[in-house]
Amino acid sequence: MHAAPLKPQAVALRTALAIGTVGRLGEELINCLLETPAYASVHVAVEAPLRSMLPRLRPWQVAPGTFGGLTPATDIAMPRADDVYCCIDGTRTYFRRDRAYLPLTVEQLPALARTAARNGARRFVLLAPLSAFLQLSAPVGAAMHVREVDLVGLGFETLIVVRPTADYIAGQGNPLERLIAWGAKAVMEIIIPPRLQPLRARHIAQAAINAITDLGPGVHILGAARIAELADRNGSASTRKK
């Protein structure tokens, strides 16, 4: 009598929570999370009602200023999420497609991170863009900002800080601001070697998601070069927009 073949075990899908998804980077982060088959659902923090037509996208309405203090808000009913993505980018898109989403500041990080840890989040990803010139001198492998240091001791299984350049902001703002940003980008592309030129928002968001799978437990600080490598796993870095 032959034993019945073993059935492959189903892979348990994870749940993600995205906070601070304003601007180009926030928009791409939501897109990439929804495209990732590893997530059964993607919660996103909003400060105004948002009607979602996508079953996997679940708005979580939060009152403005909820994470304004430096102490954890003990009465917040945060959605249960395995992975929490926080995006520090307060610039909304020009046409305000992101007007319902909750912006996030550096000052709000300690309270937010402590609340996430208390609610069982295993992995915490912080996307904190820097200017292109600051990126060149930023220390790699160590937390830069005092708020980043605050995150290390919270006990997350995986803590990832993504520090990209901020070239993606060239498509935001009013026409004058966009023209100025375009001029700055043109100059930057002349004086900075191609391997150090800024990544696009799409690549940054995809790299942050890939990092969860590729890097494993521990504290990881990602600079431009590592972000490019992680984004390239999806073939995105080789198709950068000109």
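The sheet, one helix pair and the cysteines of a predicted model are described below.

The model contains an open sheet of 7 strands, arranged in the order 3-2-1-4-5-6-7 with parallel pairing. The edges are occupied by strand 3 (57–61) and strand 7 (218–222); each has a single partner strand, so one side of each lacks a neighbour in the sheet. From one strand to the next, the twist averages 15 degrees. At the edge formed by strand 7, the pairing with strand 6 (residues 158–162) is parallel and runs over 5 bridges. Within this pair, Thr 158 of strand 6 lies opposite Gly 218 of strand 7.

Helix 6 (residues 201–215) packs against helix 7 (residues 224–232) at an angle of about 80 degrees, and the two axes are 8 Å apart. This angle falls in the range of 65 to 115 degrees, so the two helices are roughly perpendicular. On the side of helix 6, the contact involves His 203, Ile 204, Ala 207, Asn 210, Ala 211, Asp 214 and Leu 215. These residues meet Arg 226, Ile 227, Leu 230 and Ala 231 of helix 7. By class, the contact comprises 7 nonpolar, 2 polar and 2 charged residues.

A search of the whole structure gave 0 disulfides. For Cys 87, the closest cysteine sulfur is that of Cys 86, at 9.0 Å, which is too far for a bond, given that a disulfide requires sulfur atoms within 2.5 Å. Cys 87 is also buried, with 0% relative accessibility. Cys 32 is likewise buried, its relative accessible area being 0%.

Technical notes:
Residues are numbered from 1 along each chain as its sequence is written. This is a predicted model: local features need pLDDT of at least 70, side-chain atom pairs count only at pLDDT 80 or more; totals for chains, interfaces and linings use all residues. Side-chain values use heavy atoms; hydrogens and water are left out. Axes are lines fitted to C-alpha atoms, for helices over the stretch in contact, and angles run from 0 to 180 degrees between N-to-C directions. Helices (H or I, at least four residues) and strands (E, at least two) are DSSP runs, numbered from the N terminus. Angles under 35 degrees count as roughly parallel, over 145 as roughly antiparallel, 65 to 115 as roughly perpendicular and the rest as oblique. Contact means heavy atoms within 4.5 Å. Ala, Val, Leu, Ile, Met, Phe, Trp, Tyr, Cys and Pro count as nonpolar, Asp, Glu, Lys and Arg as charged, and the others, Gly among them, as polar. Buried means under 20% relative accessible area, exposed over 50%, partly exposed in between (1.4 Å probe, protein chains only). Two strands pair if DSSP finds at least two bridges between them.
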